[in-house]
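Student: I should like to work through the fold displayed here, from its strands to its interior. May we begin with the strand pairing?

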Amino acid sequence: MKIIRLFCANGFTTEMMTKKMQQAADKLGLEYEIKAFPYAKVRDEGTKADVILLGPQIRYNLKHVQQDYPNTPVILMDMRLYAAMDGEAMIKQVQALLEA
């Protein structure tokens with residue numbers, strides 16, 4: 001089971017993306033646990049993650065998160081994929097990263 005954590009300003013917008021990503025992962029037969037949280041929870045939840053995704057609205061935190069979690073891949077979600085709620089494309093990006 002791979003643990004994927006999404007963070008955004010308050011966690012509301014990423015909740016929709018989480019559902020789309022979980023549906024895509026399930027469809028592909030991937031054992032991923034995907035959950036969304038407000039950025040304020042990154043210290044609690046980031047340590048559990050195999051991959052951390054940041055919402056575009058908090059992109060200014062990218063370097064800080066990468067420094068805090070040097071052994072965990074950190075992805076800044078693409079604004080176009082995020083706006084389109086393209087969970088399948090995001091899952092494919094995460095999957096490629098985990099398989100590299």
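Student: In which sense do E3 and strand E4 pair, and over how many bridges?
Tutor: The model is a predicted one, and its strand E4 covers residues 74-76. Within this pairing, Leu54 stands opposite Leu76 of E4. The sense of the pairing between E3 and E4 is parallel, and the number of bridges is three.

Student: What is the handedness of the β-α-β unit that E3, helix H3 and E4 make?
Tutor: E3 and E4 pair in the parallel sense. Helix H3, residues 62-68, joins these two strands in a β-α-β unit, and the handedness of that unit is right-handed.

Student: Which residue of E3 is the bridge partner of Ile4?
Tutor: E3 also pairs with E1, in the parallel sense and over four bridges. In E3, the bridge partner of Ile4 is Val51.

Student: Which residues of E3 point the other way from Val51 and Leu53?
Tutor: In a regular strand, side chains alternate between the two faces of the sheet. In E3, Val51 and Leu53 point one way, and the four residues on both sides are buried. Those pointing the other way are Ile52 and Leu54.

Student: Is Leu53 buried or exposed?
Tutor: Leu53 lies in strand E3. Leaving aside neighbours within four places in sequence, its contacts include Ile4, Leu6, Met21, Ile75, Met90 and Val94. Its relative accessibility is 0%, and a residue under 20% counts as buried, so Leu53 is buried.

Student: What distance separates the C-alpha atoms of Leu53 and Gln93?
Tutor: Along the chain, Leu53 and Gln93 are 40 residues apart. In space, their C-alpha atoms are separated by 11 Å.

Student: Which element gives the most residues to the largest nonpolar core?
Tutor: The largest nonpolar core has 20 residues, and those with the most contacts inside it are Leu6, Met21 and Leu53. The elements that give two or more residues to this core are strand E1 (2-8), helix H1 (12-27), strand E2 (32-38), strand E3 (51-54) and helix H5 (87-99). With four residues, the element that gives the most is H1.

Student: How many residues has the other core, which lies apart from this one?
Tutor: Among the members of the other core are Tyr39, Val42, Ala49 and Ile58. The number of residues in that core is 12.

Student: Within what arc do the buried residues of H1 fall, seen down its axis?
Tutor: The buried residues of H1 are Thr14, Met17, Thr18, Met21, Gln22, Ala24 and Ala25. They line one face of the helix, because seen down the axis they fall within an arc of 165°.

Student: Which exposed residues are carried by the face of H1 turned away from its buried side?
Tutor: The buried residues of H1 pack against E1, E2, E3, helix H4 (79-84) and H5. The face turned away from that buried side carries the exposed residues Phe12, Lys19, Gln23 and Lys27.

Student: What is the relative accessible area of Thr18?
Tutor: Thr18 lies in helix H1. Not counting residues up to four places away in sequence, Thr18 touches Leu6, Ile34, Lys35 and Ala36. Thr18 is buried, and its relative accessible area is 4%.

Student: How far does H1 reach from its first C-alpha to its last?
Tutor: H1 has 16 residues, and at 1.5 Å a residue the expected reach is 22 Å. The reach in the model is close to this, at 24 Å.

Notes:
Residues numbered from 1 in each chain as written. Predicted model: local features only at pLDDT ≥ 70, side-chain atom pairs only at ≥ 80, totals over all residues. Heavy atoms only, no water. Core = buried A, V, L, I, M, F, W, Y, C linked by side-chain atoms within 4.5 Å. Buried < 20%, exposed > 50% of the residue type's maximum accessible area, 1.4 Å probe, protein only. Contact = heavy atoms within 4.5 Å. Pairing = 2+ DSSP bridges. Right-handed = clockwise from strand over helix to strand, strands pointing away. Expected span 1.5 Å × (residues − 1). Arc of directions from axis to C-beta.
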